[in-house]
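Colleague: I am new to reading protein models, and I would like some help. Could you walk me through it step by step?

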Amino acid sequence: MRFSRQLVNTYRTGNRRGAMLVLVGVSMVALLGLVALSADIGAGNRVRRISQTAVDAAALGGGNEIMRSSSSAAVVAAAVAAYNKAGNPVPGAVLSVHYPPLTGTYAGNNRFIEVTLARTIPTMFGGILGRDSLAVFARGVAGAAAGSQVCVLGLSNSGSAIDIKGDIDAGSPGSGCSVVSNSGIEVKNGGKLTGGSISAVGGISIGPPGSSTPEYPGIPPVPDPLAYLTAPAETSCPPALTNFKVSGTMNLSPGVYCGGIDFQGGNGKKAILAAGTYILRGGGIKGGKNELEGTNVTIINTNGPGNDPTKFAPFEFEQNCLVNLTAPTSNLDPYRGIVLFAPVNTPFAVNTFCGVGDLTGTVYMPSQEFMLANGNGKLTIIGSLYAGTITTENAGGKYEIISDMTSIAAVKRLSLVQ
């Protein structure tokens, strides 16, 4: 009887030991599976990080060409070149470049480019769990989205793109409004220049009394962030708006003004612009000492009919004029935030404005001169001023630039958005 009980106890003990071996064996398989999974996930994450860096670089490379208003082919080629510059960091991956983007918030928007990268990588231990490979995907989108801190930009690459005898007040040192020249900066006759910072590709010459604003000569040229802007396609000239004359106080409607807008000789006249886009095909605006006002307005001053540059004429205002214009604010307006625009294909000309009134929005004249002609006036630009050259005619003229990077007038810089 004792022998039987001992035998039973021995059997039960051996049985428990066998169960533990099974449990340990199953646990080891699970543990090895977790180790394998961790190793493969770590390898996959590493490839994902490399892939994301690569697509971000490619998107920014293509975005730079968008900012230069290059062709679609050049935008795509730049994105591929930026990817390859990294030495094909993800061998075997499929690189896709979409301009404009096909998916996401910016789908169909030609101010943005989308780059994707897809690759399947083999697993090291995943086969244990029936996973022989991992799919890796990365996506980058870049374009003009974030606000630029450059609110005054002289785009000419020769001489002094900013050459003033009066003042430019673009805020206090350290503020968000920077003054930049793609050539030199010269301030004469006791004028003043202030801003968040002052930078130039060439030299900076600010005579006494000078300024406490930080100065940075010798910077690289700044790409034109508005180079993509073009005038609308040409249409016929309505007879009623051809060689248009302003007499007395008149209400004007948006449209194509072939031959420009001419305030007939004398003072005391006023043009009130209804909301919309005004396209001046040749003739410019001969404003004299009169008044011009409008809200939600863009004025585009371009070449004459048939793109004839010989018919082009600038904006011409004199002392004692009054100009109050505000740019469109609707997201549906292609010229949102642009108040005055002379396309890059127009010939060099000097645009003169009096120092009375406000321009709310961005003034963009990349190949022309923007001059403050009033000797003692102050022109306030609530937004940004981008022109070939920026000047003042007399020592008393003063620009006041009030910039807000979040406003509708904020010029956008290249950035990654997705």
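Modeller: We will look at one glycine and then at one strand with its partners. Keep in mind that this is a predicted model.

Colleague: Happy to start with the glycine. Where does Gly-248 sit?

Modeller: Gly-248 lies in the loop that links strand E13 (244-246) to strand E14 (249-252).

Colleague: Is Gly-248 buried, partly exposed or exposed?

Modeller: Buried means under 20% relative accessible area and exposed means over 50%, with partly exposed in between. Gly-248 has 32% relative accessibility, so Gly-248 counts as partly exposed.

Colleague: Which residues does Gly-248 touch, leaving aside its neighbours within four places in sequence?

Modeller: Those are Lys-269 and Lys-270. You can also compare positions through C-alpha atoms: Gly-248 and Asn-290 are 42 residues apart along the chain, and their C-alpha atoms are separated by 9.8 Å.

Colleague: Now the strand. How many residues of E26 are buried?

Modeller: Strand E26 covers residues 357-372, and 13 of its 16 residues are buried.

Colleague: Which strand pairs with E26 over twelve bridges?

Modeller: That is strand E27 (residues 378-392), in the parallel sense. To see the register, find Met-371, which stands opposite Thr-391 in E27.

Colleague: And what about strands E23, E24 and E25?

Modeller: Strand E23 (residues 322-326) runs parallel to E26, joined by four bridges, and Val-323 stands opposite Gly-357. Strand E24 (residues 338-341) pairs with E26 in the parallel sense over three bridges; there, Phe-341 has Tyr-364 as its bridge partner. Strand E25 (residues 350-353) is also parallel to E26, with four bridges, and Asn-351 is matched with Phe-370 in E26.

Key
Residues numbered from 1 in each chain as written. Predicted model: local features only at pLDDT ≥ 70, side-chain atom pairs only at ≥ 80, totals over all residues. Heavy atoms only, no water. Helix = DSSP H or I, 4+ residues; strand = E, 2+ residues; numbered from the N terminus. Buried < 20%, exposed > 50% of the residue type's maximum accessible area, 1.4 Å probe, protein only. Contact = heavy atoms within 4.5 Å. Pairing = 2+ DSSP bridges.
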